[in-house]
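Here is a short tour for anyone who likes to check geometry against coordinates. Have your viewer ready and follow along.

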Amino acid sequence: MNKSQPGRSVRRLEDARFLLGCGRYLEDIEVGAALQAYVLRSPHAHALIKRIDVAPAAALSGVRLVATSADLAADRLGPLPCMAAVKPLIVPPRPALADGCVRHVGDPVAFVVADSVETAREAAELIEVDYEPLPAVVDGRTALADGAPAIWGQAPGNLSFHFRKGDHDAVAQAMKEAAHVVAVEVMNNRVVVVPIEPRAGIARYDAATDTMDLELTGQGLHGIRRQLAEFVFKVPPERIQLHAPDVGGGFGMKNFLYPEWVLLLWAARKLGRPVRWIADRAEEFVSGAQGRDIAASAKIALDATGRILALDVAMVANLGAYLSGNGPGASAIAASTAHGGVYDIPAIAVDVRGAFTNTVPVDAYRGAGKPEANYITERAIEAAARVIGRDPADLRRQNLIASFPHKTAMGMAIDSGGFVANLDAAVVRADTKGF
């Protein structure tokens, strides 16, 4: 807030150096005697790991460390946690390196540290992994169907959670009394996040203070540090220091604890040397958190005049093979509060099931559940307008929230807004009559 000139934005301090190409990103940071890391990843969506032979890789000149899940277990590292406030929730263990089974293409299998990234990559190619492929499932609804391949023994039917919110009885009654009930199927497709700067990190260890330090392309560093300290390394939080230089984009996907952050800190502590890792673009496509992937069946009820009486939404959220830090939260908590959007809908009911699949884990991205919920609401209203023969803009105008403050059926408080005026302006600019 600009205190000297209220209402005017504050001039950002960092823009000049960005525009002049003077940003400081992970790859710009020079670290003396730093080792380079490379992650060997699964080529299979689902497979047992029958055997791993790292001896040929470890024997290569310039290789300092080749690690598998057994090495992490020997040092008693814990799994990556899921912090989502969804209860009850089945959270299978997510070790930093796959333990006995890979569950998505890109699942980390081994970690190589060498004098150069070229040597680390060459060593990774020498690692012999004997896989036994298993049946895989990549669609959320298919994963919940009878007979689908089982991904986790502790998650029967591949179900992680079943979350319900809203007044289901009121919605059911409104559906019975409505003059019109219109159903629509909506797919919020999965998206791969492509930040300008891929994930990267530099880990250091100070033996004198027994402190680990990670410089990373990250957001939400306090949360990441807490998870590393409390759940993975089991040390006081002051023993782990995190800091980020300029971050080249993220849109949420850099908010989370990743296996690579665990591996970098562990390797730096084990070797007593700084260790650097930078993801390449192809690697990011199969290891960075992805977004969306929610299939929904929605029903909207209207009276004879077109007034919306109720909205009923059943969603299946494809969570991926593991639960990312807040993965279920985006599809359950965040999405549920946004259903209904800017419309005065008196009764809303939401039913969300989270499914494990053999895909990259999903987490919060670009609004985290709100775009998905708004898309479902808007698609339902559009379908209803076409079924009852109304102009879609006119039907929207009739049902927009017009008086404030307003409390939505999902409990959200809206203190102000110009939704009708906004719609009218959009209709004029779109020239819908002349389209």
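## An aromatic cluster

Trp261 and Trp277 are both buried. This is a predicted model, and Trp261 has a relative accessible area of 1%. These two tryptophans form an edge-to-face aromatic pair, with 6.1 Å centre to centre and 75 degrees between the planes. The pair ties together distant parts of the chain, since Trp261 lies in helix α8 (residues 259–271) and Trp277 in strand β12 (residues 275–278), 16 residues apart.

In total, the structure holds five aromatic pairs. Another of them joins Tyr258 and Trp261: the ring centres are 6.3 Å apart and the planes stand at 85 degrees, so this pair is edge-to-face. Tyr258 is buried as well, because its relative accessible area of 3% falls under the 20% cut-off. Through these ring pairs, Tyr258, Trp261 and Trp277 are linked into a cluster.

## Charges over rings

Tyr258 also has a charged partner: the charged end of Arg199 sits over the tyrosine ring, 4.1 Å from its centre. A second arrangement of this kind involves Arg103, whose charged end sits over the ring of Trp152, 3.5 Å from the ring centre.

## A parallel strand pair and its crossover

Strands β10 (residues 211–216) and β11 run parallel and are joined by four bridges. If you would like a residue pair to inspect, Glu215 has His243 in β11 as its bridge partner. To get from β10 to β11, the chain passes through helix α7 (residues 221–233), making a right-handed β-α-β crossover.

Which residues of β11 lie on its covered face, and which on its uncovered one? In this strand (residues 240–243), Ile240 and Leu242 make up the covered face, while Gln241 and His243 make up the uncovered one. His243, the bridge partner of Glu215, is thus on the uncovered face.

## Helix α11 and its surroundings

Helix α11 (residues 370–388) offers a simple length check. At 1.5 Å a residue, its 19 residues should span 27 Å, and the end C-alpha atoms are 27 Å apart, which agrees. Just after α11, Gly389 takes a positive phi of about 75 degrees.

The buried residues of α11 include Glu372, Ala373, Ile376, Thr377, Ala380 and Ile381. Further along, Ala383, Ala384 and Ala385 are buried too. What covers the buried residues of this helix includes the strands β8 (180–188), β13 (294–302) and β14 (308–320), together with the helices α10 (327–338) and α12 (392–399).

How values were computed:
Residues numbered from 1 in each chain as written. Predicted model: local features only at pLDDT ≥ 70, side-chain atom pairs only at ≥ 80, totals over all residues. Heavy atoms only, no water. Buried < 20%, exposed > 50% of the residue type's maximum accessible area, 1.4 Å probe, protein only. Helix = DSSP H or I, 4+ residues; strand = E, 2+ residues; numbered from the N terminus. Pairing = 2+ DSSP bridges. Right-handed = clockwise from strand over helix to strand, strands pointing away. Phe/Tyr/Trp six-rings, centres within 6.5 Å; stacked < 30°, edge-to-face > 60°. Lys NZ or Arg CZ within 6 Å of the ring centre and 35° of its normal. Expected span 1.5 Å × (residues − 1). Contact = heavy atoms within 4.5 Å.
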